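Trainee: I am new to this structure and would be grateful for a close look at a single part of it. Please choose one region, describe it carefully, and then place it in its surroundings.

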Amino acid sequence: MPSTDVTTLIRTELPRLAGSLRKVGELILEDPAAVTHCSAAELGRRTGTSQATVTRFCRAIGLDSYQHLLIELAQERGRGESSEWGNTEIGPDISPDDSLERVVQVVGTADLRAIQQTIDRIDLDSVERAAQAVARARRVDVYGVGGSGAVAQETETRLFRIGCAVRGWTEVHAATTSAALLTPADVAIGISHSGATREVIEPFELAKERGATAVALTADPRSPLARAADIRLISSSSETSFRTGSIGARHSVLMLIDCLYVRVGQLSYQRASASLALTDHIAGAHAVKARRPR
């Protein structure tokens, strides 16, 4: 298991669990510290399930055993006590009466945690393979809708600046049309926090059928999008009230995009440098100069 918080893993998996397995996950998230003092049988009794159900829950989220879960919870608690972003005793919920100071602390802590967790679990080989594919691609398609659509557009902006033939698609008909025209010389990047967004999966799967290298950016390594991919880049998120799903994950996804962008720039250094040199003056040329006081 990657060195990321096990409670984040449980939050990610919880929507896909049902019945007794979901009850186990909810109780663990309610009081992780207390669970570290429970046996599997006791946790089963507290959730109205059984020891066997607790064991099945652990396997459902990718852990070998209940003992593995206890170790991960203890390590997570230790990381929280020793890290700067984890030592604030603030939960994920923000109420209408909370102060702005608390809002800033909760949101800031959640964003820092999401980025750090993504760094901890990043697969360098996958980033390298994705960057190699993008650097040599004839054309790059990026698919995303909703919050992920904004990330797709940002990905286009970054790669376009360093000379990549890239287009971000946020509408399924246009995305699918573009996917149908891809070839084995191309790359398709699908972005979806859940990995289950049909409007992203449809053009993504078609692009792969056409032979394009399929790169998935998602928080769920077992999602349909991840399963369809040749290369998987896995993000993380720490959600708060009013900031759920893809919104909470955006910072960690953009961190992955930045890593990909910089590595592509390294691999295509001459092209990237020439592109930046030809465009660096544009922003400055459009800056409004301050008027001198009379």
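Mentor: Two strands count as paired if DSSP finds at least two bridges between them. With that in hand, let us look closely at strand β1 (140-143), and at what lies around it. Please keep in mind throughout that this is a predicted model.

The pair to begin with is β1 and β2. These two strands run parallel and are joined by four bridges. Two positions show how they are matched: V140 has V166 of β2 as its bridge partner, and D141 stands opposite R167 in β2. The residues of β1 face two ways. V140 and V142 point to one side of the strand, while D141 and Y143 point to the other. Each of these four residues is buried, a label that requires a relative accessible area under 20%.

The next step is the sheet to which β1 belongs. The sheet is open and has five strands, in the order β2-β1-β3-β4-β5, with parallel pairing. In that order, β1 has β2 on one side and β3 on the other. The edges are held by β2 (166-169) and β5; each has a single partner strand, so one side of each is left without a neighbour in the sheet. From one strand to the next, the twist averages 15 degrees.

Two helices in contact with β1 come next. Helix α8 lies across β1, β3, β4 and β5, and its direction is at about 120 degrees to that of β5. Helix α9 also packs on the sheet, where it touches β1, β2 and β3, and its direction makes about 170 degrees with that of β2.

Each of these helices deserves a closer view. In α8, we may take S126 as an example. S126 has a relative accessible area of 7%, and therefore counts as buried. Beyond its neighbours up to four places away in sequence, S126 touches I231, R232 and L233. As for α9, the helix covers residues 147-161, and its 15 residues should span 21 Å at 1.5 Å a residue; the end C-alpha atoms are 22 Å apart, which agrees. Several residues of α9 are buried, including G147, V151, A152, T155, E156, R158 and L159. Just after this helix, G163 takes a positive phi of about 90 degrees.

The sheet and its helices also meet in a nonpolar core. In soluble globular proteins, nonpolar side chains tend to be buried together. Here the largest nonpolar core has 28 residues, and I189, L217 and V264 are the members that touch the most others. Strand β1 is among the elements that give two or more residues to this core; the others are α8, α9, β3, β4, β5 and α13. The greatest contribution, six residues, comes from α8. V264 illustrates how this region is connected: leaving aside neighbours within four places in sequence, its contacts are A131, V134, A135, L159, I162, C164 and R271. A second core lies apart from this one and has 22 residues, among them L9, L43, L63 and L70.

Other helices complete the surroundings. Two packed helices are described by the angle between their axes and the distance between the axes. For α10 (residues 172-180) and α11 (residues 198-209), the angle is about 10 degrees and the axes are 8 Å apart. This makes the two helices roughly parallel, since angles under 35 degrees fall in that class. Their contact involves V172, A175, T176, A179 and A180 from α10, together with E199, E202, P203, L206 and A207 from α11. Helix α7, residues 100-121, has 22 residues and an expected span of 32 Å, in agreement with the 32 Å between its end C-alpha atoms. Its buried residues are V106, T109, A110, D111, A114, Q117, T118 and R121. In helix α4 (residues 40-46) we find G44, which is buried at 0% relative accessibility. Apart from neighbours within four places in sequence, G44 is in contact with T49, S50, Q51 and V54.

Finally, the whole chain gives the setting for β1. The protein chain has 14 helices and five strands, and 45% of its 294 residues count as buried. Of the contacts between residues at least 6 apart in sequence, 70% join residues at least 24 apart.

Notes. Residues numbered from 1 in each chain as written. Predicted model: local features only at pLDDT ≥ 70, side-chain atom pairs only at ≥ 80, totals over all residues. Heavy atoms only, no water. Expected span 1.5 Å × (residues − 1). Buried < 20%, exposed > 50% of the residue type's maximum accessible area, 1.4 Å probe, protein only. Contact = heavy atoms within 4.5 Å. Core = buried A, V, L, I, M, F, W, Y, C linked by side-chain atoms within 4.5 Å. Axes fitted to C-alpha atoms, helices over the stretch in contact; angles between N-to-C directions. Parallel < 35°, antiparallel > 145°, perpendicular 65-115°, else oblique.
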